[in-house]
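Hi there,

Here is the structure I promised to pass on to you. Have a look at it first, and then read my notes below.

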Amino acid sequence: MNRALIRPTWAEIDLEAITHNIKAMIQRLPERTEIIAVVKANGYGHGSVQVAKRALESGATSLAVALLEEALELREAGIDAPILVLGWVPPEAAAIASKHHISLTFFQKDWLDQVSRLDLNGETLQLHLKIDTGMGRIGIRTNEELREILYALNDKPSIYLTGVYTHFATADAQNLTYFHKQRERFSKMLAELKELWSGEVAIHIGNSASAIRLPEGMYDFVRYGISMYGLYPSQVVKEEQAINLKQAFSLHSRLAHVKQIEAGDAVSYGLTYSAEKTEWIGTIPIGYGDGWIRKFQGFSVLVDGKRQPIVGRICMDQTMIRLDREYPVGTKVTLLGSQNGSFISMDEAASYLDTINYEIPCLLNERIPRIYKGR
Ligand code: PMH
């Protein structure tokens with residue numbers, strides 16, 4: 001028996017959907033613009049190694065992660081494509097990056113000075129310069145910082161500037177005024193950089209929302225995250241219908257117990273639910289210990305293609321649902337995704353939790369095995 005599947009609760013990742021979503025993006029982009037598949041946070045909870053491999057097979061040419069640890073995991077899985085770390089890495093770890101040919105993001109002169117004092121064992125280190133054009137997170141903000149950093153790079157022979165990029169704060173919004181302001185700041189900074197620097201650098205500015213909405217303005221690469229997984233960056237982008245995406249993630253379990261309760265009988269901690277009449281109650285083996293958080297109380301799941309409400313408090317490992325009739329133990333329950341023609345989207349779950357779709361697959365933790373379809 002497959003140990004990962006002793007408990008019948010699993011996430012299914014449809015790799016064909018990943019291929020579909022990458023191809024849809026490639027079709028929108030001009031030929032010169034390539035795709036960096038963003039697989040940070042374990043591929044937005046979908047599994048970084050499997051998604052990265054499928055993304056590269058489907059036309060993405062590089063990968064991006066948030067942490068150096070995440071990049072090393074990809075290298076350990078035998079992936080040799082270019083990888084960029086998007087977050088800040090402690091300078092003393094830069095030798096690990098150069099050893100494994102992983103590109104790092106930088107934006108501090110002090111960081112560069114510290115890295116230049118490391119022994120890189122004859123390897124080179126490739127860096128992308130991050131420009132903060134208005135996200136207010138990381139990056140240089142002024143021409144003075146740019147000049148200082150480029151000047152400092154000049155006498156560091158094993159450190160190469162291979163990319164420059166920025167990130168948008170409102171590319172998914174209705175009003176794109178701020179987005180265009182950030183683009184304007186970026187192109188000014190880029191013009192300054194080109195005055196001062198003769199080397200070839202790859203330029204990338206766009207996440208999913210910007211790449212979907214302004215494919216012509218994306219320079220050399222787009223950093224394709226949420227939409228590679230088949231989710232729209234926002235309702236606004238979804239309604240524009242510029243691209244057709246397929247949700248890759250679905251979540252399933254099976255009824256572990258089915259019973260009838262009588263009017264007045266209560267369910268779960270705190271007795272927050274009592275039956276109004278005789279009812280069928282099912283128990284499924286998933287709970288907040290899996291990231292299926294307590295706020296899902298009152299949301300629905302699919303059994304027999306029909307919506308059935310979650311009743312009573314969600315426990316650490318178990319959740320109860322009210323069934324429209326008796327079902328045998330072992331009946332499949334779909335918590336996210338489609339079953340018999342019905343569909344519970346990630347967007348619906350996110351809206352129920354008053355959050356964004358990005359957060360849901362990240363929330364569902366490693367206790368839930370990921371099963372890959374379409375291999
Ligand atoms: N580039 C950077 C620097 C990012 O931080 C992200 C996503 C992406 C690209 C991909 O964006 P997309 O998923 O919208 O396509 N980063 C985050 C974040 O830090 N919180 O939510 C999404």
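Let's start with Phe186, which is buried, as its relative accessible area is 1%. Keep in mind as you read that this is a predicted model.

Phe186 has an aromatic partner, Tyr219. Their ring centres are 5.8 Å apart and their planes stand at 70°, so this pair counts as edge-to-face. The two residues come from distant parts of the chain: Phe186 sits in helix H8, while Tyr219 lies in the loop between helix H9 (208-213) and E9, 33 residues apart. Unlike buried Phe186, Tyr219 is partly exposed, because its relative accessible area is 23% and buried means under 20%.

How many aromatic pairs are there by this rule? The count comes to 8. Another of them joins Tyr44 and Tyr229, and this one is stacked, with 4.7 Å from centre to centre and 25° between the planes. Here, too, distant parts of the chain are linked: Tyr44 belongs to helix H2 (residues 40-44), and Tyr229 to the loop between strand E9 (221-224) and helix H10 (235-240), 185 residues apart. Are these two rings buried or exposed? Tyr44 counts as buried at 9% relative accessibility, and Tyr229 is buried as well, at 0%. You can also look for a cluster in which ring pairs link Trp292, Phe296, Phe299 and Tyr352.

Now back to H8, this time for its packing against another helix. The axes of helix H7 (residues 143-153) and helix H8 (residues 177-196) come within 11 Å and cross at roughly 30°. Angles under 35 degrees count as roughly parallel, so H7 is roughly parallel to H8. The crossing of H7 past H8 is right-handed. Which residues meet there? From H7 come Asn143, Leu146, Arg147 and Leu150, and from H8 come Met189, Glu192, Leu193 and Leu196. Sorted by class, this contact has 5 nonpolar, 1 polar and 2 charged residues.

H7 has a part in one more place, around helix H6 (residues 109-116). Trp111, Leu112, Asp113 and Val115 of H6 are buried. H7 is among the elements that cover them, and these also include helix H5 (94-99), strand E5 (102-106), strand E6 (125-130) and strand E7 (159-165).

Happy exploring, and do write back with any questions!

Best wishes

Note on methods
Residues are numbered from 1 along each chain as its sequence is written. This is a predicted model: local features need pLDDT of at least 70, side-chain atom pairs count only at pLDDT 80 or more; totals for chains, interfaces and linings use all residues. Side-chain values use heavy atoms; hydrogens and water are left out. Axes are lines fitted to C-alpha atoms, for helices over the stretch in contact, and angles run from 0 to 180 degrees between N-to-C directions. Helices (H or I, at least four residues) and strands (E, at least two) are DSSP runs, numbered from the N terminus. Angles under 35 degrees count as roughly parallel, over 145 as roughly antiparallel, 65 to 115 as roughly perpendicular and the rest as oblique. A crossing is left-handed if the near helix is turned anticlockwise from the far one by less than a right angle, and right-handed if clockwise. Contact means heavy atoms within 4.5 Å. Ala, Val, Leu, Ile, Met, Phe, Trp, Tyr, Cys and Pro count as nonpolar, Asp, Glu, Lys and Arg as charged, and the others, Gly among them, as polar. Rings of Phe, Tyr and Trp (its six-membered ring) pair if their centres lie within 6.5 Å; planes under 30 degrees apart count as stacked, over 60 as edge-to-face and the rest as tilted. Buried means under 20% relative accessible area, exposed over 50%, partly exposed in between (1.4 Å probe, protein chains only).
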